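Please look at the sequence and the fold together, and consider how one helix can present two faces to its surroundings. The account below follows that helix from its outer side towards the interior.

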Amino acid sequence: MNQNIEVYLGDQIEVESEQRFLERVASDLSARGTRALILANFFAGKSQRQVDFLVVAERAFHVELKNLPFPLFGKANGPWSQRLPDGSLKTIGRENPHHQTLHAKYAILDDTVGNLLQIQQIQQT
């Protein structure tokens with residue numbers, strides 16, 4: 001990796017598409033000369049939500065990747081489905097991806113706010 005790109009893994013990445021994403025985002029940021037911190041495959045918050053990626057450059061980006069073989073359909077609430085090759089819809093047997101992403105985002109924010117409060121308390125003593 002480029003010295004302008006720091007990568008921290010909470011655990012090894014075992015999903016090939018996630019490894020490809022990490023390599024691509026690091027390469028793209030490096031090519032732009034952008035300094036960045038990439039946190040990957042870690043747990044956040046009191047609920048210990050698994051987070052795929054948090055990319056911090058000029059801004060912070062939370063990324064959750066899905067590795068599903070067919071197009072995904074759904075709304076903010078309720079079950080999500082995949083459109084199968086025969087045109088039928090099959091409900092996916094996992095948490096609504098929108099909810100998963102929101103819960104991970106809130107876990108990241110909980111940790112961030114908690115860390116900022118600890119830093120503030122230390123500075124006041």
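## The two sides of helix 1

In this predicted model, E16, R24 and A31 are exposed on one side of helix 1, while the buried residues of the helix are S17, E18, L22, V25, A26 and L29. These buried residues lie on the same side of helix 1 because they cover an arc of only 165° around the axis. As a general point, an α-helix has 3.6 residues a turn, so residues three or four places apart point the same way.

## Length and end of the helix

Helix 1 runs over residues 16-31 and has 16 residues; from its first C-alpha to its last it reaches 22 Å, which is close to the 22 Å expected at 1.5 Å a residue. Just after helix 1 comes G33, which takes a positive phi of about 75°.

## What the buried side meets

The buried residues of helix 1 pack against three strands, namely strand 1 (5-9), strand 2 (36-44) and strand 3 (49-56).

The largest nonpolar core has twelve residues, among them I5, I13, L22, V25, I38, F53 and V63. Helix 1, strand 2 and strand 3 each supply at least two residues of this core, and helix 1 gives the most, with four residues. I13, a member of this core, is in contact with E18, Q19, L22, A40, N41 and F53, when its neighbours within four places in sequence are left aside.

## A second core

A separate core of seven residues is also present, and it includes A44, V51, A107 and I108. In soluble globular proteins, nonpolar side chains tend to be buried together.

How values were computed
Residues are numbered from 1 along each chain as its sequence is written. This is a predicted model: local features need pLDDT of at least 70, side-chain atom pairs count only at pLDDT 80 or more; totals for chains, interfaces and linings use all residues. Side-chain values use heavy atoms; hydrogens and water are left out. The expected span of a helix is 1.5 Å times one less than its number of residues. Buried means under 20% relative accessible area, exposed over 50%, partly exposed in between (1.4 Å probe, protein chains only). The arc is that of the directions from the helix axis to the C-beta atoms. Contact means heavy atoms within 4.5 Å. A nonpolar core is a set of buried Ala, Val, Leu, Ile, Met, Phe, Trp, Tyr and Cys residues joined through side-chain atoms within 4.5 Å.
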